[in-house]
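Please read this report alongside the sequence and the coordinates. It goes from single residues to ring pairs, cores and a pocket, and ends with some backbone details.

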Amino acid sequence: MEIEITVNGKLEEEEVVSLYQSNGWSSAEKPKELMAALEGSHTVIAGRVDSKLVGLCNALSDGHLVVYYPHMLVHPNFHRKGVGRKMMEAMHSIYKEFHQQILVADGRAIDFYNSLGFSRAGKSEPMWIYQGNEH
């Protein structure tokens, strides 16, 4: 299986919404806002297999010191096949010199992000006002 990684490439709303739905993410219920959020991102990485979108992650950044990775998802049929790792490696290659790379990991994703070098940020606690329902 060959995984094609693209940076800031063209995304179709239908394929993005389908990927988010496959993961049960509430963002799929707001397709126009989701697409606008991705278009407004500093970087968007897509993972494709046979031209099919199977993974997506985005970065919000000040462009110099800090980057935040709000979304990283892989279609359930492609979990544990290297898609997420390749996408995050691409992000890291773009932002490796940044002072701070931030994300919020929960559940099974914690071990995955630990394997990529992320660790808990001191004594900090993630906090939010959230309108979704999947966490």
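## A buried arginine in β2

Contact, as the word is used here, means heavy atoms within 4.5 Å. The model is predicted, and the values below are computed from it. R48 belongs to strand β2, which covers residues 43–49, and with a relative accessibility of 12% this arginine counts as buried, because buried means under 20% relative accessible area.

What is R48 in contact with, once its neighbours within four places in sequence are left aside? The partners are E2, I3, E4, K10, L11, E15, L53 and V54. For one of these partners, K10, a polar approach can also be described, since the backbone oxygen of K10 lies 3.5 Å from a polar atom of the R48 side chain.

## T43, in the same strand as R48

T43 also lies in strand β2, and with a relative accessible area of 5% it is buried. The side chain of T43 makes a polar contact with the side chain of Y95, at 2.5 Å. Leaving aside neighbours within four places in sequence, T43 is in contact with V7, N8, C57, N58, A59, M91, I94 and Y95.

M91, one of those partners, in turn touches T43, I45, C57, N58, A59 and Y69, when residues up to four places away in sequence are not counted.

## Aromatic pairs around Y95

The count of aromatic pairs comes to 6. In one of them, the ring centres of Y69 and Y95 are 6.2 Å apart and the planes stand at 65°, so the pair is edge-to-face. This pair links distant parts of the chain, with Y69 in strand β4 (residues 66–69) and Y95 in helix α3 (residues 83–95), 26 residues apart.

Both Y69 and Y95 are buried, and for Y95 the relative accessible area is 1%. Y95 also forms an edge-to-face pair with F98, at 5.0 Å from centre to centre and with 90° between the planes. F98, at 16% relative accessibility, counts as buried as well. Ring pairs join Y69, Y95, F98, F112, Y113 and F118 into a cluster.

## Two nonpolar cores

In soluble globular proteins, nonpolar side chains tend to be buried together. Here the largest nonpolar core has 21 residues, and those with the most contacts inside it are Y69, M72, V83, M87, M88, M91 and Y95. The elements that give two or more residues to this core are β2, β3 (52–61), β4, β5 (72–74) and α3. Which of them gives the most? It is α3, with 6 residues.

A second, separate core has 15 residues, including L11, W25, L34 and M35. L11 is also among the contacts of R48, just as Y95 of the largest core is the partner in the polar contact of T43.

## The largest pocket

Rolling a probe the size of a water molecule over the atoms shows where empty space is left. The largest pocket found in this model has a volume of about 1600 Å³. It is lined by 47 residues, of which W25, M72, L73, D106 and Y113 lie nearest its centre.

Which elements each supply at least two residues of this lining? They are α2 (31–39), β3, β4, β5, α3 and α4 (109–115), and the largest share, 5 residues, comes from α4. Among the residues nearest the centre of the pocket, M72 also belongs to the largest nonpolar core, W25 to the second core and Y113 to the aromatic cluster.

## Positive phi values and the first residue

Most residues other than glycine have a negative phi, and most peptide bonds are trans. S51, which is not a glycine, nevertheless has a positive phi of about 70°. This serine is found in the loop between β2 and β3 and is exposed, with a relative accessible area of 60%. R80 likewise has a positive phi, near 65°; its place is in the loop between β5 and α3, where it is exposed, with a relative accessible area of 88%.

M1 is found in the segment before β1 (4–7) and is exposed, with a relative accessible area of 57%. Not counting residues up to four places away in sequence, M1 touches V49, F78 and K81. The C-alpha atoms of M1 and N23, which are 22 residues apart along the chain, are separated by 21 Å.

Conventions. Residues numbered from 1 in each chain as written. Predicted model: local features only at pLDDT ≥ 70, side-chain atom pairs only at ≥ 80, totals over all residues. Heavy atoms only, no water. Helix = DSSP H or I, 4+ residues; strand = E, 2+ residues; numbered from the N terminus. Buried < 20%, exposed > 50% of the residue type's maximum accessible area, 1.4 Å probe, protein only. Polar contact = N/O pair within 3.5 Å; in protein donor to acceptor, adjacent residues only side chain to side chain. Phe/Tyr/Trp six-rings, centres within 6.5 Å; stacked < 30°, edge-to-face > 60°. Core = buried A, V, L, I, M, F, W, Y, C linked by side-chain atoms within 4.5 Å. 1 Å grid on protein atoms, 1.4 Å probe; cavity = no way out; pocket = protein on both sides within 12 Å on 5 of 7 lines; lining within 4 Å. Points joined across faces, edges and corners; volume = space filled by probe spheres on them.
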